[in-house]
Structures are given as structure tokens and as C-alpha cells.
Amino acid sequence: MTGVQTCALPIYQFHFGLHLRVGTTGSGFSWRPNFDLGIGDGVTHTAVNVEVIRRFAVSPNGWAPYLGGGAGANFSEFDSPQYADDLDGFGSYFQTGFGLHVIGGFERDLGGESIFIEARLGGLDAPGLKITGGWSVFR
């Protein structure tokens, strides 16, 4: 499955990305590599993640909860005046890092496609909190 994900947070960052669900097992585990691009507030943030997701049984209302975690490479470019002392001479400052995160969310099957909403808490160099809603296609 591939999908589109997007989010708007009150911290002036908007992110969107793509994910792919790989190798779903009978026990509900799957790999989910993904790519995120966040923009806003003078920062462009790019993340390449690999996650393991465990989906649970579908509830009577049609939503299936899931939990997971992952790791990723994070790249940030700052061009805001608040970072002016750290500019690289070309008008921006770059930072790279490694991050870990835990995920919790809900997904609803739409017959070949699905919609989802999730929260992702990050540590190390990953963003602290991301709330994401999205649409998964090509299941």
C-alpha cells in the first residue's frame, strides 16, 4: 500500500509524505518505510523513516487501532531570521540527525483504500509530536 499523509500543527509546520506497507503478516505486523517533508516557520524538515506497525482487530465502528515505532534520518534547513547567527553564508543553516519515534493511530478500510489518523512522538533528532491524517491507496 502506498499512501499520502498530511498534517497541520499549531507550531507552524505543515507536513506531507508517502508511505508503503510491506509484508503484512497474519499477526498484524508490517514494515512501513516512509518519507515526510515538513515546511513552515522558516524551517524545511525532511525525514526518511522505517517503521514496524502492529494492527489490531477492527472495532464495530470500522476503525482498526495500531501501534508501532521506528527510526529515521532527519534533515532540517533553517532560513528564518531567528537563526541568523548560524547561517552558512548562503542564507541557510543545515542540521542532520537520527531520530526514534513511537506511533499510535486508527485506520478505516474503504474497500481497497483506507483513511487514517495517527500521533507520532519523537525523540533524539525527530520532531517531538506529529499529528497526521491521511489516505492510503493501492492496497
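Okay, salt bridges. A search of the whole structure turns up seven of them. Keep in mind that we're looking at a predicted model here. The general idea is simple: side chains of opposite charge can pair when their charged atoms come close.

Let me walk you through three of these pairs. Start with R32, which forms a salt bridge with E118, and the closest N and O atoms are 3.1 Å apart. Where do R32 and E118 sit along the chain? R32 is in strand β3 and E118 is in strand β7, so you're looking at a link between distant parts of the chain, 86 residues apart. And are R32 and E118 buried or exposed? Buried, both R32 and E118.

Next up, D36 and R120. These two also form a salt bridge, with 3.5 Å between the closest N and O atoms. D36 belongs to strand β3 and R120 to strand β7, so this pair ties together parts that are 84 residues apart in sequence. Again, D36 and R120 are both buried.

Now the third pair, R55 and E107. Their side chains meet in a salt bridge at 2.6 Å, N to O. R55 comes from strand β4 and E107 from strand β6, and the pair links distant parts of the chain, 52 residues apart. Both R55 and E107 are buried.

So which residues end up in one network? Salt bridges that share partners join R32, D36, E51, E118, R120 and K130. You'll recognise R32 and E118 from the pair at 3.1 Å, and D36 and R120 from the pair at 3.5 Å.

Okay, let's zoom out to the fold. How many helices and how many strands does the protein have? Zero helices and eight strands. Reading along the sequence, you just get β-β-β-β-β-β-β-β.

Let's look at how some of those strands pair up. Strand β5, residues 63-78, runs antiparallel to strand β6, residues 93-109, and 16 bridges join them. If you want a spot to click on, L67 stands opposite G104 in β6. Then β6 also pairs with strand β7, residues 114-124, again in the antiparallel sense, over 11 bridges. There, D109 stands opposite S114 in β7. The hairpin of β6 and β7 has four residues between the strands, and G111 in that hairpin takes a positive phi near 75°.

A general reminder while we're on strands: in a regular strand the side chains alternate between the two faces of the sheet.

Now the outside. The protein exposes about 7,600 Å², and carbon and sulfur atoms supply 69% of that. There's a nonpolar surface patch of about 500 Å², made by L20, V22, F29, W31, V50 and V52. Which elements give two or more residues to the patch? Those are β3, residues 29-40, and β4, residues 43-55. Take V52 as one of the patch residues. V52 sits in strand β4. Why does V52 count as partly exposed? Because its relative accessibility is 33%, and partly exposed runs from 20% to 50%.

Last bit, the overall numbers. The protein has 139 residues, and 36% of them count as buried. And if you take contacts between residues at least 6 apart in sequence, 47% join residues at least 24 apart. The R32 and E118 pair, at 86 residues apart, is a nice one to pull up on screen.

Conventions. Residues are numbered from 1 along each chain as its sequence is written. This is a predicted model: local features need pLDDT of at least 70, side-chain atom pairs count only at pLDDT 80 or more; totals for chains, interfaces and linings use all residues. Side-chain values use heavy atoms; hydrogens and water are left out. Patches are made of residues with over 30% relative accessible area and no salt bridge: like charges are joined within 9 Å, nonpolar side chains (Val, Leu, Ile, Met, Phe, Trp, Tyr) within 5 Å. Accessible areas come from the Shrake-Rupley method with a 1.4 Å probe; for residues, only the protein chains shown count as cover. A salt bridge is a side-chain nitrogen of Lys or Arg within 4 Å of a carboxyl oxygen of Asp or Glu. Buried means under 20% relative accessible area, exposed over 50%, partly exposed in between (1.4 Å probe, protein chains only). Contact means heavy atoms within 4.5 Å. Two strands pair if DSSP finds at least two bridges between them.
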